[in-house]
Amino acid sequence: MLGPGKADLLERIRETGSISAAGRTMSMSYKRAWSLVESMNKAFRDPLVESTRGGPNGGGARLTEAGEAVLAHYRKLQDIMAEAGAARIGTLRAMLRDVPEEK
């Protein structure tokens with residue numbers, strides 16, 4: 001229902017105010033971005049993204065209150081998992097061949 005790519009898309013929609021612009025920043029077609037938004041809106045009780053069609057004033061998209069909350073909870077969960085799993089991630093990294101260090 002939600003993963004790092006979809007969370008990134010939500011953030012880009014918040015930043016750009018547009019599903020198509022958010023998709024472009026991620027090298028994603030409008031159709032793909034819209035499909036992901038639709039799947040998220042259907043998966044949650046309340047829609048995460050609200051959009052308006054183009055017209056004289058142009059269209060746009062924004063995160064709903066539910067979208068902002070889901071994104072915040074997801075990012076916090078990522079932080080918790082990264083902190084809790086840091087030792088195991090280090091162990092796995094040490095088992096790989098020639099992996100550049102992350103900054």
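1. Let me start with a pair worth opening in your viewer: the side chains of D8 and R75 form a salt bridge, with N to O at 2.6 Å. The two ends sit in distant parts of the chain, D8 in helix α1 and R75 in helix α4, 67 residues apart. A salt bridge here is a side-chain nitrogen of Lys or Arg within 4 Å of a carboxyl oxygen of Asp or Glu. Helices (H or I, at least four residues) and strands (E, at least two) are DSSP runs, numbered from the N terminus.

2. A word on the ground rules. This is a predicted model, in which local features need pLDDT of at least 70 and side-chain atom pairs count only at pLDDT 80 or more, while totals for chains, interfaces and linings use all residues. Residues are numbered from 1 along each chain as its sequence is written, and side-chain values use heavy atoms, with hydrogens and water left out.

3. R75 has another partner: its side chain meets that of E11 in a salt bridge of 3.1 Å, N to O. E11 lies in helix α1 and R75 in helix α4, so this pair ties together parts that are 64 residues apart in sequence. R75 is buried, at 18% relative accessible area, whereas D8 is partly exposed at 27% and E11 is partly exposed at 22%. The cut-offs are under 20% relative accessible area for buried, over 50% for exposed, and partly exposed in between (1.4 Å probe, protein chains only).

4. On the strands, R62 and E50 meet through their side chains in a salt bridge (3.0 Å, N to O). R62 belongs to strand β2 and E50 to strand β1, so the pair ties together parts twelve residues apart in sequence. Both ends are partly exposed, R62 at 44% and E50 at 42%. Back at the helices, shared partners join D8, E11 and R75 into one network of salt bridges. The count of salt bridges comes to four.

5. The strands themselves are tidy to describe. β1 (residues 49-52) pairs with β2 in the antiparallel sense over four bridges; two strands pair if DSSP finds at least two bridges between them. S51 stands opposite A61 of β2. Side chains alternate along β2: A61 and L63 point to one face and are buried, while G60 and R62 point to the other and are not.

6. Which residues touch the most other members of the largest nonpolar core? They are L9, L10, I13, I19, V37, M40 and V49, out of 19 residues. At least two residues of this core come from each of α1 (4-16), α2 (19-25), α3 (30-43), β2 (60-63) and α4 (65-84). A nonpolar core means a set of buried Ala, Val, Leu, Ile, Met, Phe, Trp, Tyr and Cys residues joined through side-chain atoms within 4.5 Å.

7. You may want to look at K6, in helix α1. K6 is buried yet has no salt bridge, and the nearest side chain of opposite charge, E38, is 11 Å away. For charge, Lys and Arg count as positive and Asp and Glu as negative; His and the chain ends are not counted. Leaving out residues up to four places away in sequence, K6 touches M1, L36, S39 and M40. With that exclusion, M40 touches M1, L2, K6, L9, L10 and L48. Contact means heavy atoms within 4.5 Å.

8. Finally, T16, also found in helix α1, is partly exposed at 35% relative accessible area. Apart from neighbours within four places in sequence, T16 is in contact with A21 and A22. A polar atom of the T16 side chain lies 2.8 Å from the backbone oxygen of R12.

Key:
A polar contact is a pair of N or O atoms within 3.5 Å; within protein, one must be able to donate a hydrogen and the other to accept it, and residues adjacent in sequence count only if both atoms are side-chain atoms.
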